[in-house]
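I opened this entry to keep a record of what I looked up, starting from single residues and ending with the chain as a whole.

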Amino acid sequence: LYDILHSYYKVALKRFIDALRMQAVDHFLITGSRTPLTLFSPAFVAGMTPGQLEEVAGEDLIIKRKRVQLEKE
């Protein structure tokens, strides 16, 4: 009986910690009132220069070079 309860406790503890972690991530990074994602509103992105957009969402330099090389072939 002890082994069964101990096994259940280990699984339940892992599930509890996982659920708590997921709720914290969801609240602080995705849906909370002070989430960093509010920075990237459409108006904010529309006001960025092409250089800033490239810096934030552009391809890696190595990938660009490889793509250019493949287009030449």
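**Helix 2 and its distances**

I began with A43, which I found placed in helix 2. The model I am reading is a predicted one, and I keep that in mind for every value noted below.

I then looked up the accessibility of A43, and the relative accessible area came out at 64%, so I entered A43 as exposed, the cut-off for that word being over 50%. For its place relative to the N-terminal part of the sequence, I took A43 against H6: the two are 37 residues apart in sequence, and their C-alpha atoms are 54 Å apart in space.

F44 also lies in helix 2, but I had to give F44 another label, because its relative accessible area of 42% makes it partly exposed. I checked F44 against S7, which is 37 residues away along the chain, and noted a C-alpha separation of 50 Å.

**The loop before helix 2**

Where does T35 sit? I located T35 in the loop between helix 1, residues 2-31, and helix 2, residues 42-46. Is T35 buried or exposed? With a relative accessible area of 5%, T35 falls under the 20% limit and is therefore buried. Leaving aside residues up to four places away in sequence, I listed the residues that T35 touches, and these are F28, L29 and I30.

**Helix 1 and helix 4**

In helix 1 I looked up R21, and its relative accessible area of 46% led me to record R21 as partly exposed. The side chain of R21 makes a polar contact with the side chain of D18, for which I wrote down a distance of 2.2 Å. I also compared the position of R21 with that of R65, 44 residues apart along the chain, and found their C-alpha atoms separated by 40 Å.

K72 belongs to helix 4, which covers residues 61-72, and at 71% relative accessibility I counted K72 as exposed. Between K72 and I17, which are 55 residues apart along the chain, I noted a C-alpha separation of 52 Å.

**The chain as a whole**

After the single residues I turned to the overall make-up, where I counted four helices and zero strands, running α-α-α-α from the N terminus on. Why do I call the chain more spread out than a compact globule? Its radius of gyration is 23 Å, whereas the globule rule gives 11 Å for 73 residues, and since the value is well over the rule, the chain is more spread out than a compact globule. The C-alpha trace, taken along its principal axes, spans about 70 × 40 × 10 Å.

I next asked how much of the chain is buried, and the entry reads 4% of the 73 residues; T35, at 5% relative accessible area, is buried. For the accessible surface I recorded about 7,000 Å², with 65% of that area belonging to carbon and sulfur atoms.

My last look-up concerned charge: I found 10 positive and 9 negative side chains in the chain, and the centres of the two sets lie 4 Å apart.

Technical notes: Residues numbered from 1 in each chain as written. Predicted model: local features only at pLDDT ≥ 70, side-chain atom pairs only at ≥ 80, totals over all residues. Heavy atoms only, no water. Helix = DSSP H or I, 4+ residues; strand = E, 2+ residues; numbered from the N terminus. Buried < 20%, exposed > 50% of the residue type's maximum accessible area, 1.4 Å probe, protein only. Contact = heavy atoms within 4.5 Å. Polar contact = N/O pair within 3.5 Å; in protein donor to acceptor, adjacent residues only side chain to side chain. Rg over C-alpha atoms; globule rule 2.2 N^0.38 Å. Areas by Shrake-Rupley, 256 points an atom, 1.4 Å probe, with all protein chains shown as cover. Lys, Arg positive; Asp, Glu negative; His and termini not counted. Charge placed at Lys NZ, Arg CZ, Asp CG, Glu CD.
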